[in-house]
2 protein chains.
Amino acid sequence: MTSADRPDGPRTGGSRPDGSRPGGGRTGRPRSAEADRAILDATRAALVELGWGKLSLGDVAARAGVAKTTLYRRWAGKNELVVDAVAALFDEQLHLPDLGSLTADIEGVVLRFAALLERPETKTALMAVVAESTRDEALRDRIRSAIVDRQKRLVLLGRERAQARGELPRESDPESAARNADLIFDVIAGAVVHRALVSAEPVDGEWARGFTTLLVVGLAGALPD
Amino acid sequence: MTSADRPDGPRTGGSRPDGSRPGGGRTGRPRSAEADRAILDATRAALVELGWGKLSLGDVAARAGVAKTTLYRRWAGKNELVVDAVAALFDEQLHLPDLGSLTADIEGVVLRFAALLERPETKTALMAVVAESTRDEALRDRIRSAIVDRQKRLVLLGRERAQARGELPRESDPESAARNADLIFDVIAGAVVHRALVSAEPVDGEWARGFTTLLVVGLAGALPD
DNA sequence: AGCTTTCGCTACGACTCGTAGCGTAACTGG
DNA sequence: CCAGTTACGCTACGAGTCGTAGCGAAAGCT
């Protein structure tokens with residue numbers, strides 16, 4: 001689940017918590033799925049206590065009750081490990097319940113996303129891995145498939161619902177529709193992240209309302225154009 | 001150790017590129033202003049070559065032709081040093097020329113900001129220090145005063161101009177006006193950063209136009225409300 | 001002059017990194 | 001049941017970084 005697959009380096013699995021058949025019947029001792037869980041849990045715990053900067057893989061291994069070598073057999077380094085560790089949180093937390101209107105849907109997802117960014121694990125980890133990804137294309141791909149693309153689906157789903165309700169026009173040109181979805185995604189996710197982590201001020205109901213109003217008015221007015 | 005507290009240690013200045021009078025007439029050998037310049041230049045160069053993760057202070061000192069100890073006498077650690085190094089770039093690059101209309105002003109600042117984020121120094125450094133700042137209040141303050149607050153001024157200036165032109169209403173309630181400015185700031189800066197660094201796609205003229213249209217329509221429609 | 005502060009240099013213990021080598025454990029197919 | 005294969009825990013290692021201490025010399029001020 002976590003990974004875009006990786007051809008096959010020395011580190012075979014990299015991340016394959018299911019631990020089993022890629023091509024049929026693997027032989028030999030299987031990887032402990034429990035070790036995977038323990039490592040990812042330990043990673044999140046260490047992020048909470050130490051933050052990104054002081055997190056060391058030796059420490060994570062010790063917390064997980066696992067040898068350091070085991071950890072290196074599965075993940076190439078800190079970056080990859082942390083991406084997988086926080087990606088799981090995104091999967092758990094990010095859904096888009098139908099709240100009946102475009103405004104309510106956006107407000108809802110903004111608050112959910114903000115709550116996720118309040119957690120100390122994600123707070124310190126997300127920006128850090130993005131920073132590292134600026135010099136590491138493989139990491140960028142991993143972040144994209146493990147985190148970003150899944151968030152983007154929420155935008156697509158929300159738009160579809162809004163169109164079904166008649167709140168947004170159906171766009172005829174698929175290219176421009178894709179561009180608009182990307183734009184909206186960057187606006188929503190960017191604004192929330194910036195508010196929460198850069199401005200370091202709370203994303204509360206009031207802020208979410210103001211932001212959503214701005215966005216919905218803009219969409220209603222700018223899209224049909 | 002890196003950063004958090006520094007009641008009043010051996011590290012006097014922390015960051016005082018002017019290097020002179022804090023309390024009147026300092027005695028003794030003054031700090032070399034040229035060394036400051038050399039260190040910050042070396043920091044930016046090292047960021048370009050190595051990125052945040054592999055940047056080491058020993059390396060920076062060597063590049064700058066300065067003893068490692070000198071570096072530690074002025075900055076508490078990597079975080080503070082890099083903030084100062086990139087803050088200078090923001091000062092150089094971020095202005096707001098009057099382009100005649102609110103739309104043009106926003107498009108202009110978006111493209112300028114994007115160009116700044118394209119540079120490898122800022123790309124890798126900005127997210128990293130923000131990530132560290134989530135666990136270090138002093139660093140957060142430093143980022144705020146060295147970078148964030150200055151960007152925010154552009155929003156205030158832009159709004160004032162737009163109001164003078166009659167493009168935006170003058171807001172009566174100063175509290176709500178401040179909230180709106182903060183909101184607009186997070187939307188603009190957040191969207192650009194997210195597009196450039198997370199989505200990792202180009203902030204070109206086309207994107208800037210689409211974003212600006214969305215924002216201006218939203219502002220025109222939502223603000224008088 | 002004398003006082004004060006900074007500078008370059010060297011050296012240091014503590015720590016993290018990522019890997020190698022070994023013997024053992026777990027699972028599979030003949 | 002046994003041979004083959006893979007994962008595991010453990011130990012040990014060289015390399016690199018961190019941040020500090022201690023020294024003598026340099027550069028200002030009064």
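Me: Which helix of chain A is Thr212(A) found in?
Reply: Keep in mind that we're looking at a predicted model here. Follow chain A along to residues 205–222, and there you'll find Thr212(A), in helix α9.

Me: Is Thr212(A) buried or exposed?
Reply: The cut-off we need is that buried means under 20% relative accessible area. Thr212(A) comes in at 0% relative accessibility, so it counts as buried.

Me: Leaving aside its neighbours within four places in sequence, which residues is Thr212(A) in contact with?
Reply: One partner, Ile106(A), sits 106 residues away along the chain, yet the C-alpha atoms of Thr212(A) and Ile106(A) are separated by 6.5 Å. With sequence neighbours within four places set aside, the contacts of Thr212(A) are Thr103(A), Ile106(A) and Glu107(A).

Me: How many helices and strands does chain A have?
Reply: Read chain A along its sequence and you get the pattern α-α-α-α-α-α-α-α-α. The count for chain A is 9 helices and 0 strands.

Me: Among contacts in chain A between residues at least 6 apart in sequence, what percentage join residues at least 24 apart?
Reply: Thr212(A) and Ile106(A) give us a pair to picture, being 106 residues apart along the chain. For chain A, taking contacts between residues at least 6 apart, the share joining residues at least 24 apart is 63%.

Me: What percentage of the residues of chain A count as buried?
Reply: We've already met one buried residue, Thr212(A). Out of the 225 residues in chain A, the buried share is 50%.

Me: What part of the accessible surface of chain A belongs to carbon and sulfur atoms?
Reply: Start with the total, which is about 10300 Å² for chain A. The part of that surface belonging to carbon and sulfur atoms is 50%.

Me: How are the two copies, chain A and chain B, related?
Reply: You can lay chain A on chain B with a turn of 180 degrees and a shift of 0.0 Å along the axis, and the RMSD is 0.1 Å. The two copies are thus related as by a two-fold rotation axis.

Me: Why can we say that the copies meet through the same surface?
Reply: Look at the interface residues of chain A and check whether they are interface residues in chain B too. The copies meet through the same surface because the share of chain A's interface residues that also appear in chain B's interface is 98%.

Me: Are α4(B) and α7(B) roughly parallel or roughly perpendicular to each other?
Reply: In chain B, the axes of α4 (residues 78–93) and α7 (residues 137–165) come within 10 Å and cross at roughly 5 degrees. Angles under 35 degrees count as roughly parallel. So α4(B) and α7(B) are roughly parallel.

Me: And what about α1(B) and α6(B), roughly parallel or roughly perpendicular?
Reply: Here the axes of α1 (residues 33–54) and α6 (residues 120–133) of chain B come within 8 Å, and they cross at roughly 75 degrees. The range from 65 to 115 counts as roughly perpendicular. That makes α1(B) and α6(B) roughly perpendicular, therefore.

Me: By class, how many nonpolar, polar and charged residues are in the contact of α1(B) with α6(B)?
Reply: On the α1(B) side, the residues include Leu47(B), Val48(B) and Trp52(B), and they meet α6(B) residues including Ala125(B) and Val129(B). Sorted by class, the contact has 7 nonpolar, 2 polar and 3 charged residues.

Me: What is the phi of Ala200(A)?
Reply: Ala200(A) is in the loop between α8 and α9 of chain A. Most residues other than glycine have a negative phi. Ala200(A) isn't a glycine but has a positive phi, near 55 degrees.

Definitions and conventions: Residues are numbered from 1 along each chain as its sequence is written. Chains are lettered from A and ligands numbered from 1 in the order in which they are written. This is a predicted model: local features need pLDDT of at least 70, side-chain atom pairs count only at pLDDT 80 or more; totals for chains, interfaces and linings use all residues. Side-chain values use heavy atoms; hydrogens and water are left out. Axes are lines fitted to C-alpha atoms, for helices over the stretch in contact, and angles run from 0 to 180 degrees between N-to-C directions. Helices (H or I, at least four residues) and strands (E, at least two) are DSSP runs, numbered from the N terminus. Angles under 35 degrees count as roughly parallel, over 145 as roughly antiparallel, 65 to 115 as roughly perpendicular and the rest as oblique. Copies are superposed by least squares on the C-alpha atoms of residues with pLDDT of at least 70 in both. Contact means heavy atoms within 4.5 Å. Buried means under 20% relative accessible area, exposed over 50%, partly exposed in between (1.4 Å probe, protein chains only). Accessible areas come from the Shrake-Rupley method with a 1.4 Å probe; for residues, only the protein chains shown count as cover. Ala, Val, Leu, Ile, Met, Phe, Trp, Tyr, Cys and Pro count as nonpolar, Asp, Glu, Lys and Arg as charged, and the others, Gly among them, as polar.
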